[in-house]
Amino acid sequence: MKYKYITENKTIEVPKERWCWGVIYKPTPEAIKIAERETEERNQKLKEERNKRINTANKMGVLGAKRKEIYNWYNKEISRTIRPFMDEFHQFDNDGYFHKVGEIDQDRIYMASLYKADDISKRIDIPWREGMRIIHKYTNVRPAGEAEFKRIYVFGFKYQGKEHLNYITPEDRIIMLPDQEVDLVEIGI
Amino acid sequence: MAAIVTIDESNGVGEVQEVDIANSNMGNVDDAELDPVAYPITPGENSYEKWQRFHVSDMNGSSEISNLKVWRTGALGGAAVHKTNARISDYGGAETYAKPVKTASAVADQTMPTSAPASANLGIGGSLAGALTVEGYSDYLVHQIQTNVADVAGSESVLNFQYDEVA
């Protein structure tokens with residue numbers, strides 16, 4: 001499948017990369033409010049249901065035997081977190097469009113990922129901290145004796161002045177580095 | 001999204017350009033993809049200079065090409081040296097094309113690195129920090145092998161090229 005990228009004067013068809021980035025954005029204040037309201041409503045209903053079950057058990061004279069079961073159920077249900085809705089933004093989105101890394105609103109990131117397009121269980125997840133900056137690029141190497149450039153995916157972040165980088169080779173090997181000084185040919189690209 | 005990047009070589013007085021060279025074979029003739037067996041470097045003499053460039057023929061939506069690196073793999077025979085204008089500091093800026101010569105190069109006066117340099121060693125627009133944001137060329141990579149009379153034919157070394165792309 002090809003994705004569209006619209007520049008000022010033309011539309012480019014972009015083939016999907018083997019490894020693609022995606023980010024989950026922090027919830028908006030509105031989304032947090034909605035989740036809090038839903039949690040309150042859910043908790044109120046659970047309390048009512050708990051009380052109803054206690055009353056029923058009491059009337060049946062089995063409250064002593066049922067109490068633990070009812071409270072176990074109640075505690076389990078009320079401890080479930082209702083997460084606020086969080087926007088996702090992907091390099092190749094579900095509407096068929098390609099996005100550049102520069103389009104990411106980095107101040108809103110909750111989690112940044114690089115995943116293999118045909119198997120998203122193969123991925124690098126970076127829980128985000130304030131002040132982090134994404135590094136995403138392609139390092140293209142034409143090793144000695146070869147006539148074609150090989151594409152290496154570079155994904156990581158800069159934080160407190162230091163870089164943390166993952167280089168993904170054409171064979172999907174992941175090489176971790178603290179900087180961009182690496183002889184990719186020497187390590188077998 | 002991948003920019004289309006090739007390594008192109010310029011030869012001759014009128015700068016005949018060979019696009020997307022398959023190799024950087026060096027020898028006793030000013031030609032791209034030369035046959036080193038047919039045109040070996042005479043011991044004690046030099047190869048013809050190579051004048052090569054990264055060529056971005058289509059950005060294809062990418063934002064930037066930068067951080068160009070060039071280095072050699074393989075040892076040279078005898079006391080031969082491989083000289084280049086590529087360097088990671090005190091860069092001499094963009095060279096203006098001149099017909100490759102086999103006298104000692106006045107442009108290639110640094111030793112070609114034998115492992116990936118820590119940072120860019122070939123410039124764009126005369127600067128190692130330069131970047132291509134539209135189609136175009138890097139600065140010329142000029143390099144030459146200079147041999148000693150005692151050297152014998154038979155060594156083999158090849159060039160690595162690398163660039164970064166942001167999309």
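Select A:G61 in this predicted model. A:G61 follows helix α1 of chain A and has a positive phi, near 75°. Now step back along the chain and select the helix itself, residues 29-59 of chain A. Helix α1(A) has 31 residues, and from the first C-alpha to the last it reaches 45 Å, close to the 45 Å expected at 1.5 Å a residue.

**Confidence**

Colour chain B by pLDDT. The average for chain B is 94, and 99% of its residues score at least 70. For the complex, the predictor gives an ipTM of 0.90 and a pTM of 0.88.

**The start of chain B**

Select strand β1 of chain B, residues 4-11, together with strand β3 of chain B, residues 50-58. The two pair in the antiparallel sense, over seven bridges. At one point along this pairing, B:I4 stands opposite B:D58.

Add strand β2 of chain B, residues 16-18, which runs antiparallel to β1(B) and is joined to it by three bridges. Here B:N11 has B:V16 as its bridge partner. Four residues lie between the strands of this hairpin, and B:G12 takes a positive phi near 80° in it.

**A sheet across both chains**

Next, show the strands in the order β10(A)-β9(A)-β8(A)-β7(A)-β10(B)-β4(B)-β7(B). These seven strands form an open sheet with antiparallel pairing. At its edges stand β10 of chain A (174-177) and β7 of chain B (131-132); each has a single partner strand, so one side of each is left without a neighbour in the sheet.

Where do the strands of the two chains meet in this sheet? Strand β7 of chain A, residues 133-142, pairs with β10(B) in the antiparallel sense over five bridges. Label B:E165 in β10(B): A:Y138 stands opposite it. B:I65 also stands opposite B:E165. B:I65 belongs to the pairing between strand β4 (residues 64-73) and strand β10 (residues 158-166) of chain B, which run antiparallel and are joined by eight bridges.

**The interface**

Now select the residues of each chain that touch the other. On the chain B side there are 21, in contact with 26 residues of chain A. Strand β10(B) gives the most to the chain B side, with nine residues. By class, that side has 12 nonpolar, seven polar and two charged residues.

**B:F54 and its surroundings**

Return to β3 of chain B and select B:F54. Is this residue buried or exposed? B:F54 has 24 other C-beta atoms within 10 Å, so it is buried, the cut-off being 20 or more. Beyond its neighbours within four places in sequence, B:F54 is in contact with B:V5, B:I7, B:L68, B:Y137, B:S138 and B:Y163. To see a pair far apart in sequence, draw the C-alpha to C-alpha distance from B:F54 to B:F161: 8.8 Å, with the two residues 107 apart in sequence.

**The nonpolar cores**

Finish with B:V56. Leaving aside neighbours within four places in sequence, B:V56 is in contact with B:A3, B:V5, B:I65, B:L132, B:E135 and B:G136. B:V56 is one of the residues that touch the most other members of the largest nonpolar core, which has 47 residues. The others named for this are A:I152, A:Y153, A:V154, B:V5, B:L68 and B:V70. Apart from this core lies another, of seven residues, including A:Y5, A:F98, B:M1 and B:V166.

Methods. Residues are numbered from 1 along each chain as its sequence is written. Chains are lettered from A and ligands numbered from 1 in the order in which they are written. This is a predicted model: local features need pLDDT of at least 70, side-chain atom pairs count only at pLDDT 80 or more; totals for chains, interfaces and linings use all residues. Two strands pair if DSSP finds at least two bridges between them. pLDDT is the predictor's confidence in each residue, from 0 to 100. The expected span of a helix is 1.5 Å times one less than its number of residues. Two residues are in contact if their C-beta atoms, placed from the backbone, lie within 7 Å. Ala, Val, Leu, Ile, Met, Phe, Trp, Tyr, Cys and Pro count as nonpolar, Asp, Glu, Lys and Arg as charged, and the others, Gly among them, as polar. A residue is buried if 20 or more other C-beta atoms lie within 10 Å of its own, exposed if 12 or fewer, and partly exposed in between; C-beta atoms are placed from the backbone. A nonpolar core is a set of buried Ala, Val, Leu, Ile, Met, Phe, Trp, Tyr and Cys residues joined through C-beta atoms within 7 Å.
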